[in-house]
Amino acid sequence: MKLFIDTANIDHIKEINGWGILSGVTTNPTLCSKECRSFKDMIKEIAAIVDGPISAEALSMKKDEIVKEAKELASIAGNIVIKVPIMPDGLAATKILSEEGIDINMTLIFSANQAMLAAAAGARYVSPFVGRLDDIGNDGMGVIEEIMEAYINFDIDTEVICASIRHPQHVVDAALIGCDISTIPYEVFKKMIKHPLTDKGIESFQQDWEKIKGL
Ligand code: E4P
């Protein structure tokens, strides 16, 4: 499973990218608003740091405007992917843009039906939001499972991004289902790498090495 980071924070992106494990970045308007700076500058900087797809969201609501906005965003760098919400004009714009070679990440996916529509329109990625489904008492990971099964049945090559991840177990569950990508918040990456037995092991190996290193 490929690992993306779900943030627009440059320091966090640089830190996790430094681990050598990142395959891409997803942003959304809320994440970008936390950084309080020009959206296009931010996307350009992120695209230069990470060697992989960088999702930037188009905010227009009408087909022709989405197409125009997507083309402007895609011109920022060669690795920009355009996030478009699932809605009728979003699907129509996705059809046009994907046929022109612009990769679309269809976002705000909450059902397998929405994911099938996105794939039919030519989306390169779909982003089902597991955490937000769990928040309202639904089974977020169950939706990912349904999408994966439906896509496998028809050899659909749209990649599934497990989004709205809240904790490390979401990442494990997505991997066990065979989900293509997880987009992970910075704080969850920090939890994924931690284990008390690893900390204890490093400490005792260091201490024991001290006893013999000068001999
Ligand atoms: C996906 O690409 C979104 O940015 C994201 O995962 C939304 O998650 P949230 O529910 O934590 O806002």
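**View A. L108 lies in strand 5, the element formed by residues 104-109.** The model shown here and in the other views is predicted. L108 is not a glycine, yet its phi is positive, at about 60 degrees. Most residues other than glycine have a negative phi. The relative accessibility of L108 is 32%, a value between the 20% limit for buried and the 50% limit for exposed, so the residue counts as partly exposed.

**View B. S164 occupies the loop that connects strand 7 (159-162) with helix 9 (168-177).** Like the residue of the preceding view, S164 is not a glycine and has a positive phi of about 60 degrees. Is S164 buried or exposed? Its relative accessibility is 9%, which is under 20%, and S164 therefore counts as buried. S164 also belongs to the group of residues that surround the ligand.

**View C. The ligand and the residues around it.** The shell around the ligand consists of D6, T26, N28, L31, K83, F129, R132, A163, S164 and R166. By character, these shell residues divide into 3 nonpolar, 3 polar and 4 charged. The space that the ligand takes is the largest pocket.

**View D. Polar side-chain atoms approach oxygen atoms of the ligand.** Which distances separate the side chains of K83, R132 and R166 from oxygen atoms of the ligand? For K83, a polar side-chain atom lies 2.5 Å from a ligand oxygen. An N or O atom in the side chain of R132 is 2.7 Å from an oxygen atom of the ligand. For R166, the distance between an N or O atom of the side chain and a ligand oxygen is 2.9 Å. On its own, the ligand has 340 Å² of accessible area, of which the protein covers 85%.

**View E. T94 is part of helix 5, which comprises residues 88-99.** The side chain of T94 has a polar atom 2.7 Å from the backbone oxygen of G90. With a relative accessible area of 0%, under the limit of 20%, T94 is therefore buried.

**View F. K2 belongs to strand 1, residues 2-6, and is shown together with C179.** Along the sequence, K2 and C179 are 177 residues apart, while their C-alpha atoms are 8.9 Å apart in space. K2 has a relative accessible area of 34% and is partly exposed. D6, one of the residues that surround the ligand, is also within the residue range of strand 1.

**View G. I184, a residue of strand 8 (residues 181-184), is paired in this view with I165.** The two residues are 19 positions apart in sequence, and 6.0 Å separates their C-alpha atoms. I184 counts as buried, because its relative accessibility of 0% is under 20%.

**View H. C162 lies in strand 7 and is compared in position with S75.** From C-alpha to C-alpha, C162 and S75 are 26 Å apart, with a sequence separation of 87 residues. The relative accessible area of C162 is 0%, and the residue is buried.

**View I. A120 is located in helix 6, which runs over residues 112-121.** How far is the C-alpha atom of A120 from that of I161? The separation is 17 Å, for residues 41 apart along the chain. A120 has a relative accessibility of 64%, which is over 50%, and so counts as exposed.

**View J. The whole protein gives the setting for the close-up views.** The secondary structure amounts to 11 helices and 8 strands. Along the principal axes, the C-alpha atoms fill a box of roughly 75 × 40 × 30 Å. The protein has 215 residues, and 47% of them count as buried.

Key: Residues are numbered from 1 along each chain as its sequence is written. This is a predicted model: local features need pLDDT of at least 70, side-chain atom pairs count only at pLDDT 80 or more; totals for chains, interfaces and linings use all residues. Side-chain values use heavy atoms; hydrogens and water are left out. A residue is near a molecule or strand if one of its heavy atoms lies within 4 Å of it. A polar contact is a pair of N or O atoms within 3.5 Å; within protein, one must be able to donate a hydrogen and the other to accept it, and residues adjacent in sequence count only if both atoms are side-chain atoms. Accessible areas come from the Shrake-Rupley method with a 1.4 Å probe; for residues, only the protein chains shown count as cover. On a 1 Å grid over the protein atoms alone, a cavity is a set of points where a 1.4 Å probe fits but cannot get out, and a pocket is an open set with protein on both sides within 12 Å along at least five of seven lines; lining residues have an atom within 4 Å of a point. A molecule sits in a cavity or pocket if more than half of its atoms lie within 2 Å of its grid points. Ala, Val, Leu, Ile, Met, Phe, Trp, Tyr, Cys and Pro count as nonpolar, Asp, Glu, Lys and Arg as charged, and the others, Gly among them, as polar. Helices (H or I, at least four residues) and strands (E, at least two) are DSSP runs, numbered from the N terminus. Buried means under 20% relative accessible area, exposed over 50%, partly exposed in between (1.4 Å probe, protein chains only).
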